[in-house]
Amino acid sequence: MPEFACDLHIHSTLSPCGSLDMSPRAIVEKAREAGLDIIAVTDHNMAENTPYVREAGERSGLVVLAGMELQTMEEVHVIAIFDDYDTAYALQLMVYDLLPPVANDVEFWGDQVVVDGEDNIVRSEERLLISSAGISIEEAVSWIKSHGGIAIASHVDSPTFSIISQLGFVPADIPFDALEIRDRGKAGDLMPFIMRKGLPFVTFSDAHYPGDIGKRRTHLTLDAPDCVSIEGALRALGEQSLTGQAGRS
Ligand SMILES: [Zn+2]
Ligand SMILES: [Zn+2]
């Protein structure tokens, strides 16, 4: 089975903290330069740049999955990844209604813009996206899994916006597919706080600037570059970690 270099946590111009250089065209160009095979665009609480990144990706043979980095009511970031944009967009619609109606302060946060494959601005989002939606972690992950998506707890080793920073531990009954970690060297220290054994670690760039794309990545052996195969590969990685044969990154 072929191995795919995956970076499934990349922000674009639609994230207030994402650089305006992160246009769909620029993301795809940098991802190709970095030797990535599969990427996901995961903006805060929105998925709307996905179709444009995908369109640009198709022109150069890069697989682009639809994604979002959801912020739950516990201020926990969760990466949601789907094969099709329609499902990611359905999640966006639901989450949007659950966000506080606070306007984005462009001077402070920066712009939140949907940009097409030719670097044209399609629209600007006025509501501040980097807020917590009125949905619990359990409800968010349950929605993602029941819609065929992949659910990954973001940057679990971060002192902010991670499930461990907010809850103090990773509950056993939340059906995450994986935990994202920035520094794999810290995985051992986190183990006592992870109640479900065999939950694999993955690492992605969380890029907000083009130069960071692919700086952290996870190699997955897949039948096909889709969510079903990724889910299976992550499960296998988790089982390997239980038997002591840690999967490579
Ligand atoms: Zn995050
Ligand atoms: Zn992020």
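**Close-up views of a predicted model**

**View 1. A bridge in the sheet joins Val41 and Ala66.** Val41 has Ala66 of β3 as its bridge partner. The model is predicted. Strand β2 spans residues 38-41 and runs parallel to β3. Four bridges hold this pairing.

**View 2. Eight strands form an open sheet.** The strand order is β9-β8-β7-β4-β3-β2-β1-β10. Pairing in the sheet is mixed. At the edges stand β9 (201-202) and β10 (218-221). Each edge strand has a single partner, so one side of each lacks a neighbour in the sheet.

**View 3. Helix α5 packs on the sheet.** The helix touches β3, β4 and β7. The directions of α5 and β4 make an angle of about 10°.

**View 4. The largest nonpolar core has 39 residues**. Ile137, Val156, Ile163, Val170, Phe176 and Leu179 have the most contacts inside this core. Seen by element, two or more residues come from each of β3 (63-71), β4 (77-82), α3 (85-97), α5 (137-146), β7 (150-153), α6 (163-167) and α7 (187-190). Helix α5 supplies the largest share, five residues. A second core, separate from this one, has 20 residues. Among them are Phe4, Cys6, Ala40 and Leu237.

**View 5. Leu179 and its contacts.** Neighbours within four places in sequence are left aside here. The contacts of Leu179 then include Ile152, Ala153 and Val156. Val170 and Ile194 are also in contact with Leu179. So too are Leu199, Pro200, Phe201 and Val202.

**View 6. Four protein residues bind the zinc ion (ligand 2)**. Which atoms are the donors? They are His9 (NE2), His11 (NE2), Glu69 (OE) and Asp206 (OD). Their distances from the zinc ion (ligand 2) are 2.0 to 2.2 Å. Along the chain, the donors follow the spacing H-x1-H-x57-E-x136-D. Angles among the four donor atoms run from 81 to 175°, and the site is irregular. A tetrahedral site would need all angles between 85 and 135 degrees.

**View 7. Glu69 bridges two zinc ions**. The zinc ion (ligand 2) and the zinc ion (ligand 1) lie 3.5 Å apart, with Glu69 bridging them.

**View 8. Two histidine donors, His9 and His11**. Are these side chains' residues buried or exposed? His9 counts as buried because its relative accessibility is 0%. His11 also has 0% relative accessibility, so His11 counts as buried. The cut-off for buried is under 20%.

Note on methods: Residues numbered from 1 in each chain as written. Chains lettered and ligands numbered in written order. Predicted model: local features only at pLDDT ≥ 70, side-chain atom pairs only at ≥ 80, totals over all residues. Heavy atoms only, no water. Donors = N, O, S within 2.8 Å, 3.2 Å for Na, K, Ca; no water. Tetrahedral: all angles 85-135°; square planar, octahedral: opposite > 155°, others 65-115°. Buried < 20%, exposed > 50% of the residue type's maximum accessible area, 1.4 Å probe, protein only. Core = buried A, V, L, I, M, F, W, Y, C linked by side-chain atoms within 4.5 Å. Contact = heavy atoms within 4.5 Å. Pairing = 2+ DSSP bridges. Axes fitted to C-alpha atoms, helices over the stretch in contact; angles between N-to-C directions.
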